[in-house]
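Biologist: I am new to this structure and would like to look closely at a single part of it. Please take one helix and explain how its side chains are placed and paired.

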Amino acid sequence: MRELVTGELDAGLCFSPFQHPELVQTRLHAGQLVVVVRQGHPLLEFSGKESLKKLSSYPAAIHKGQPGVELCEAHPVFEKHGVIPSIRFMFDSDECAIEYVLASDSWTMVPDVVAKAFSKQVRPLKLPSDWDAPYFVALVCRNGRQKHPVIQALQGVSELKAFNRQRAP
């Protein structure tokens, strides 16, 4: 976000960025953050609130905070469900988090699209119905740069995707 505000970058793709008066956001995707563990992990024996009660007793791999982006280690969903992450590993790459989880009894919270992409290696916990950890991916650009053809093309993809969702039966 800093690079966008200072003009070093014209645009960027960001996970759940904060609003900034000098930046314009176009949401490209929205989903839920989910908790994943390796196959065979003891937490997979539980579901719903029971799995969350046990979560704090296992080590956590948590995404490093980035300026201008929500912090995962202090995510409101943890407080809501009484989870106190025992952070043993911090990452800035989902691939690193998955590798760490595969080699340990750790858990991590990742976007649902990441969990799906690594579904052969990790399993999502069965979370309670009141689990609510939304995220979104946004195209963020400086004011005045939204007329650039590449930025308009990316915004058009988002609009087409939204149109197709509305038409789906």
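Which side chain meets that of K49 in a salt bridge?

Modeller: The side chain of D130 is the partner of K49, with N and O 3.0 Å apart. K49 belongs to helix α2 and D130 to the loop between β6 and β7, so this pair ties together parts of the chain that are 81 residues apart in sequence. A salt bridge here is a side-chain nitrogen of Lys or Arg within 4 Å of a carboxyl oxygen of Asp or Glu. This is a predicted model, in which local features need pLDDT of at least 70 and side-chain atom pairs count only at pLDDT 80 or more, while totals for chains, interfaces and linings use all residues. Residues are numbered from 1 along each chain as its sequence is written, and side-chain values use heavy atoms, with hydrogens and water left out.

Both partners are partly exposed: K49 has a relative accessibility of 44%, and D130 has a relative accessible area of 29%. Buried means under 20% relative accessible area, exposed over 50%, and partly exposed in between (1.4 Å probe, protein chains only).

Helix α2 comprises residues 48–55; helices (H or I, at least four residues) and strands (E, at least two) are DSSP runs, numbered from the N terminus. The buried residues of α2 are G48, S51, L52 and L55. These residues cover an arc of only 100° around the axis (taken from the directions from the helix axis to the C-beta atoms), which puts them on the same side of α2. Among the elements that cover them are β2 and β5, where contact means heavy atoms within 4.5 Å.

A second salt bridge involves α2: K54 pairs with E50, the closest N and O atoms being 3.9 Å apart. Here both residues lie in α2, four residues apart, which is about one turn of the helix. K54 is partly exposed at a relative accessible area of 31%, and E50 is likewise partly exposed, at 33%.

The structure has three salt bridges by this rule. One of them joins the side chains of D105 and R38, at 2.3 Å from N to O. D105 sits in the loop between α4 and β5 and R38 in strand β2, so that pair ties together parts 67 residues apart in sequence. D105 also counts as partly exposed, with 31% relative accessibility.
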